[in-house]
Amino acid sequence: MNFDRNTIIGFGLLAVLFFFYFYYNNLQQGEHQKQQARQDSIANAMKPKPDTAALRRDSLLADSQRHVTSAGMFLNAAQGSEQLVTVENEVFKIVFTNKGGQPKYVELKKFKNALDSQHVKLAATDFNKISYAINTAANQSAQTADLYFSNGRVTPGPDGAQLVTFELKRGDSVNAITHQFIIYPKDYKVDLNINLSQPGSLLSQGTMNMVWQYDAAQQESDIEFEKQNTQIGYMEDGNFDYHTISRKDHVNFEKSVNWIGVRQRFFNTFLVAKDNFTGGKISWTIPPDASKEVVKSTANMQLKVPAGNTATVPMSIFYGPSDYNILKKYDNGFSKLVNLGQGMYAFVRPLNQYVIVPVFDFFKSIVSNFGLVIALLTLVIRLLISPLTYKSYLSGAKMKALRPEIATLKEKFGGDQQAMSMEQMKLFREAGVNPLGGCIPALFQIPIFFALYSFFNASVDLRGADFLWAGDLSAFDDPIKFGIHIPLLGSHLSLFTITATLTSLLISIYSMSMSPDQSNPMMKYMPYIFPVFLLFIFNRLPSALTWYYTVSNLITLALQFVIQTYIIDHDKILAKIQENRKKPKTQSKWQERLQQMQEQQKQMQDQRKKK
């Protein structure tokens, strides 16, 4: 086995992993969307074409009458006018409504929507709600989201916190329910304390059946990629788990659950029960792209409430960015939903947590341009693997030194591949050359690539960061637009993808020039074919990743030239090879078995030729 063949093996494995990862993701996403589209199509076909305006009026009237009827002792709260209360801190503005005594929407001050450049809004549609059923009379119940609480009262709290309080009174003016929200300075987390008077009469069997509906609106320019990177996460029985929305549509909880949440690529919303949910279910649907909604989720969760004159249900809600450094401070598993390596690529998570993230954070603290931060990160990574890189080039130089002798063996044995292989292995052993030395750095690049693929997809720091012609390093750069969709490529061409492809091609050309001549046509041209694959694989990936790959390739080319020209002494290598040949050789058990197998195969070939 020679240098270019082993390098090609590394490239081949990398290509297979690339294709498997992206093909599997796209297949799952496409299949789920097809099923959803079929269901929507069937449902729409079966529906008559009614007078929508009249139906809307009738529905609103029926809802109003039903709410009044079911309100029971909370009749005064069944109807009213919506009043909004706005509270701000350094990181967000949160607007509350007295209808349901709950958040109406949250506006993040440090992030802009990619569609209209307005501040990112979370939980901002009528679908969103946090509600639970309460008993209002004999055999009657109502949802708190349908009742009007008293207008929210804002008061100062300890350590700069702000308290927002909503009250729900019975017909006798006795306060039955209080929702108290606590907003802390510089914090995305909001605490919610639900105080119940006589919980035994308000809740059936001492259980609060809570409904949490969340509608994740589109925030990024590429909604398909946003959906692929959106997940449902939860902490059940102390263990974190998650599901990508395209691969499943519900989760049943049989054990206690601390929190459930939606990660919308760069933004998270979590609902936390400090005393844990006892069970429940969360389900979700993927709306069509035209609706500009990524996912709609509905959670039905149960909470046990102790009996007594009063009870408090402590909860919290997180509305904020999917920032690993922010989420890990809460120490409850939030940060695990940040994709630094998940599923079959979970093995790269430690590499991200303990190497990539700290180095990236250090450079961003001293450099304001994220393109330069990525270049510096790339340089550090290449320095870390430089010992392996040097050994690879040294192995390549040794293989180049053996070129004349390998060419002689080819002339001697002609088409007898078995004999050629045996003699070539013998030559390598005598010269002290490791034929696998050339592929080790290529194999080592695989976990690094997948670690950075996860990191660049998940890093909210790169969102909206511009560099050169790329307007957003978290998305693909598209200075070249086709105006039509080309299969496998899309409707654009990424310029960073072109630079990554061209530099990869230059590396292949240089590596082949340093390797022994290859008689196998497929093996000979594979290094030139692989860079072309990158054009289709990388074109829709974040430009941060393709920029990293470009810088890494440029460093590789520079190292190759410097090491091969100024560091490696080819005369000394030849002298060392000749010296190694004079030393007595010992074979390992593996080498002995390999030689025995080759000899047996040769004997079998000789016997077949005689027959």
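In the predicted model, the side chain of Thr269 makes a polar contact with the side chain of Tyr214, at a distance of 2.9 Å. Thr269 is found in strand 16, and with a relative accessible area of 0% this residue is buried. Leaving aside residues up to four places away in sequence, Thr269 touches Leu122, Trp212, Tyr214, Ile260, Gly261, Val262, Phe318 and Tyr319, so that Tyr214, the partner in the polar contact, also appears among the residues that Thr269 touches.

The chain to which these residues belong contains 16 helices and 21 strands. Of its 611 residues, 49% count as buried, and the accessible surface comes to about 29300 Å², of which 56% belongs to carbon and sulfur atoms. Among the contacts in the chain with a separation of 6 or more, 66% are accounted for by residues 24 or more positions apart.

A second buried polar residue, Asn98, is found in the loop between strand 2 (92–97) and strand 3 (102–112). Asn98 counts as buried because its relative accessibility is 3%, which falls under the 20% cut-off. The side chain of Asn98 reaches two backbone atoms, namely the backbone nitrogen of Gln83 at 2.6 Å and the backbone oxygen of Ser81 at 3.3 Å. When residues up to four places away in sequence are not counted, Asn98 touches Ser81, Glu82 and Gln83, together with Leu147, Tyr148, Phe149, Ser150, Asn151 and Phe166.

The two strands that flank this loop are also linked through charged side chains, since Lys93 and Glu107 meet in a salt bridge with an N to O distance of 4.0 Å. Lys93 lies in strand 2 and Glu107 in strand 3, and the pair therefore ties together parts that are 14 residues apart in sequence. Glu107 counts as buried, at 16% relative accessibility. In the chain as a whole, the count of salt bridges comes to 15.

Another of these salt bridges involves strand 16, the strand in which Thr269 is found: Asp191 pairs with Lys274, and the closest N and O atoms are 3.1 Å apart. Because Asp191 lies in strand 10 (residues 189–197) and Lys274 in strand 16 (residues 267–277), this pair ties together parts that are 83 residues apart in sequence. The accessibility of the two partners was computed separately: Asp191 is buried, with a relative accessible area of 6%, whereas Lys274 counts as partly exposed at 40%.

A salt bridge is also formed between Arg540 and Glu224, for which the closest N and O atoms are 3.6 Å apart. This pair links distant parts of the chain, with Arg540 in the loop between helix 13 and helix 14 (543–567) and Glu224 in helix 4 (residues 223–228), 316 residues apart. Arg540 is partly exposed, with a relative accessible area of 30%, and Glu224 is likewise partly exposed, with a relative accessible area of 30%. Returning to Asp191 and Lys274, salt bridges that share partners join these two residues and Lys189 into one network.

Helix 13 (residues 521–538), which precedes the loop holding Arg540, contains Phe536. Phe536 is partly exposed, with a relative accessible area of 37%. Together with Leu488 and Val532, Phe536 forms a nonpolar patch on the surface, and the three residues have about 310 Å² of accessible area together.

Helix 7 (residues 370–384) was examined for its length and its burial pattern. This helix has 15 residues and reaches 21 Å from its first C-alpha to its last, close to the 21 Å expected at 1.5 Å a residue. At the start of helix 7, a side-chain oxygen of Asn369 reaches to within 2.8 Å of the backbone nitrogen of Gly371. The buried residues in helix 7 are Phe370, Gly371, Val373, Ile374, Leu377, Thr378, Ile381 and Arg382. An α-helix has 3.6 residues a turn, so residues three or four places apart point the same way. Among the buried residues of helix 7 are Phe370, Val373, Leu377 and Ile381, and Gly371, Ile374, Thr378 and Arg382 are buried as well.

Methods:
Residues are numbered from 1 along each chain as its sequence is written. This is a predicted model: local features need pLDDT of at least 70, side-chain atom pairs count only at pLDDT 80 or more; totals for chains, interfaces and linings use all residues. Side-chain values use heavy atoms; hydrogens and water are left out. Buried means under 20% relative accessible area, exposed over 50%, partly exposed in between (1.4 Å probe, protein chains only). A polar contact is a pair of N or O atoms within 3.5 Å; within protein, one must be able to donate a hydrogen and the other to accept it, and residues adjacent in sequence count only if both atoms are side-chain atoms. Contact means heavy atoms within 4.5 Å. Accessible areas come from the Shrake-Rupley method with a 1.4 Å probe; for residues, only the protein chains shown count as cover. Patches are made of residues with over 30% relative accessible area and no salt bridge: like charges are joined within 9 Å, nonpolar side chains (Val, Leu, Ile, Met, Phe, Trp, Tyr) within 5 Å. The expected span of a helix is 1.5 Å times one less than its number of residues.
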